[in-house]
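Open the model in your viewer and keep the selection tool at hand. The stops below say what to pick next and what is there.

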Amino acid sequence: MPRVPLLGRLRLRDYTTLVFGFTILAFESLLHIVVLFLPKPVIDFFYRRSRALFLEISGSEKDLSEERQIAERILRARDFGELCEIFGYRHEEHVVLTKDGYLLGLHRLPSRKGETKKSPGTSTGKPVVYLHHGLLMNSEVWVCSTDPRRTLPFVLVEQGYDVWLGNNRGNKYSKKSLHYTPNSTKFWDFSIDDFAWHDIPDSINHILDVTKSQKLSYIGFSQGTAQAFAALSIHPGLNEKVNVFIALAPAMSPPGLAAPIVDSLMKTSPTLVFLFFGRKSILSSATMWQSILYPPIFTKVIDVGIGWLFNWTGNNISQNQKMAAYAHLYSFTSVKSVVHWFQIMRNAAFQMYDDDFISPVMRTSVSSYRPARFPTKNIVTPIVLLYGDSDSLVHIETMLSQLPEHTVAKPLHSYEHVDILWGENVDKDVFPEVLGTLEYYCFEKDEALSEREVDVKTTDL
């Protein structure tokens, strides 16, 4: 009897989950369409009612603390520039054209607080640092902390660095292509492969061209680290342009999700994600929910969701910080890039996107096919991993086995994934490690090499 690929692999519980999931998605999609046609006064009414309901149930009065006031300003900020203005920083905007025709937005912080660069878009002569965000994010996640002392880009600027922040194709600042419109499925036909082949190297080349620097330091968060692992492994020349790679909450081949039903379903058939969300952008209705829900309620929804999926508690992040940051947490990305992650989880290998949708169950025990893997052991750039020992997405032993021997790994006690961005003590636990590493590779190492060159020349004489 012929085997039916999907039916033969799923149990009754899995079918129940599928039906329930499709029902929720259908309802949510219908609600999204309805909200699109609602006038603003009606949306404001739902917002006010959700606020009143929250205050009635919680019994709490509105927090009037200074942190809450700053959190609300961050919450209302419309873009990267307004977030920087809250703390007195001026930014530059740049656009990168990738080799395959996508236009990527880059943000730059070239000057300390209160200073104005007289010639925008030119070299500062300072050491260059490039920060890149994670999955479903954009550059705003780096600058939405309620305290500038806990905001890594601001700290780096004050320490004398020329700071750049990148954006992936498809997100809020990179939703344009020379060839396709965002309404077409072809625009969203990209995965981690495309970030590695184009977005990261093309952004780095643009930054080095503008700054007239030979090298820069790369700091990635979550998927931003995976993109760098991939890019450095397939572009040997890129290693000569990055003096150190600092990976915050590094992601390479996560063990899976904490929600067993979702984890087993997606690992069994990653392409089920296409059935749920289509082939364009994923979770595009998140902004709709944010507009109609009172911020503390929206924050609670996010907390419950990530707690269920990843078993994170969020105890290291204050409620005001969550309210401020969660408003800037989501940005657009392709469904295909999420499918790519489930393929990586299923095979427990940091591999390129698998266009062959045949399940491992259907293959023989000795397969004639294996998806191409990123050759991460070939990375020459120095690597420093800073990871939380309570982060369910990091299995450090597996990660180190796929990286070169010169990789340095430093655990952060009781830290979860996003704690490394917005935790209450990042200025004490994370930033000193980052600053110490940058100081060594941007200053001390270069000075040591120069002294060695002088010694060699003197010896030759």
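## A guided tour

Begin with everything selected and the surface switched on. The accessible surface of the chain comes to about 22,000 Å², and 58% of it belongs to carbon and sulfur atoms. Keep in mind that this is a predicted model.

Now switch to cartoon. The chain has 17 helices and 9 strands. Buried residues make up 53% of its 461 residues. Among contacts with a separation of 6 or more, 76% are between residues 24 or more positions apart.

**Stop 1: strand S7.** Select residues 242-248. This is strand S7, and 7 of its 7 residues are buried. Add residues 216-221, which form strand S6. S6 and S7 run parallel, joined by 6 bridges. Then add residues 383-388, strand S8. S8 also runs parallel to S7, with 4 bridges between them.

Which residues stand opposite phenylalanine 245? Tyrosine 218 does so from S6. In S8, the bridge partner of phenylalanine 245 is isoleucine 383. Show these side chains as sticks.

Next, select residues 223-234, helix H7. Together, S6, H7 and S7 make a right-handed β-α-β unit.

**Stop 2: helix H12.** Select residues 319-326. Is helix H12 enclosed or open? H12 is largely enclosed by the rest of the structure, because 7 of its 8 residues are buried. The buried residues are Asn320, Gln321, Lys322, Met323, Ala324, Ala325 and Tyr326.

**Stop 3: serine 318.** Step back to the loop between helix H11 (295-310) and H12, where serine 318 is found. Serine 318 has 13% relative accessibility, so it counts as buried; the cut-off is under 20%.

What does serine 318 touch? Leaving aside neighbours within four places in sequence, serine 318 is in contact with Glu67 and Glu424. Show the side chains of serine 318 and glutamate 67: a polar contact of 3.2 Å joins them.

Now pick tryptophan 422 and draw a C-alpha to C-alpha distance to serine 318. The value is 8.6 Å, although the two residues are 104 apart in sequence.

**Stop 4: the cysteines.** Select cysteine 84. It counts as buried, because its relative accessibility is 0%. Move on to cysteine 442. This residue is buried too, with a relative accessible area of 11%. How many disulfides does the structure hold? The count is 0.

Technical notes. Residues are numbered from 1 along each chain as its sequence is written. This is a predicted model: local features need pLDDT of at least 70, side-chain atom pairs count only at pLDDT 80 or more; totals for chains, interfaces and linings use all residues. Side-chain values use heavy atoms; hydrogens and water are left out. Helices (H or I, at least four residues) and strands (E, at least two) are DSSP runs, numbered from the N terminus. Buried means under 20% relative accessible area, exposed over 50%, partly exposed in between (1.4 Å probe, protein chains only). Contact means heavy atoms within 4.5 Å. Accessible areas come from the Shrake-Rupley method with a 1.4 Å probe; for residues, only the protein chains shown count as cover. Two strands pair if DSSP finds at least two bridges between them. A crossover is right-handed if, with the strands pointing away from the viewer, the path from the first strand over the helix to the second runs clockwise. A disulfide is a pair of cysteine sulfur atoms within 2.5 Å. A polar contact is a pair of N or O atoms within 3.5 Å; within protein, one must be able to donate a hydrogen and the other to accept it, and residues adjacent in sequence count only if both atoms are side-chain atoms.
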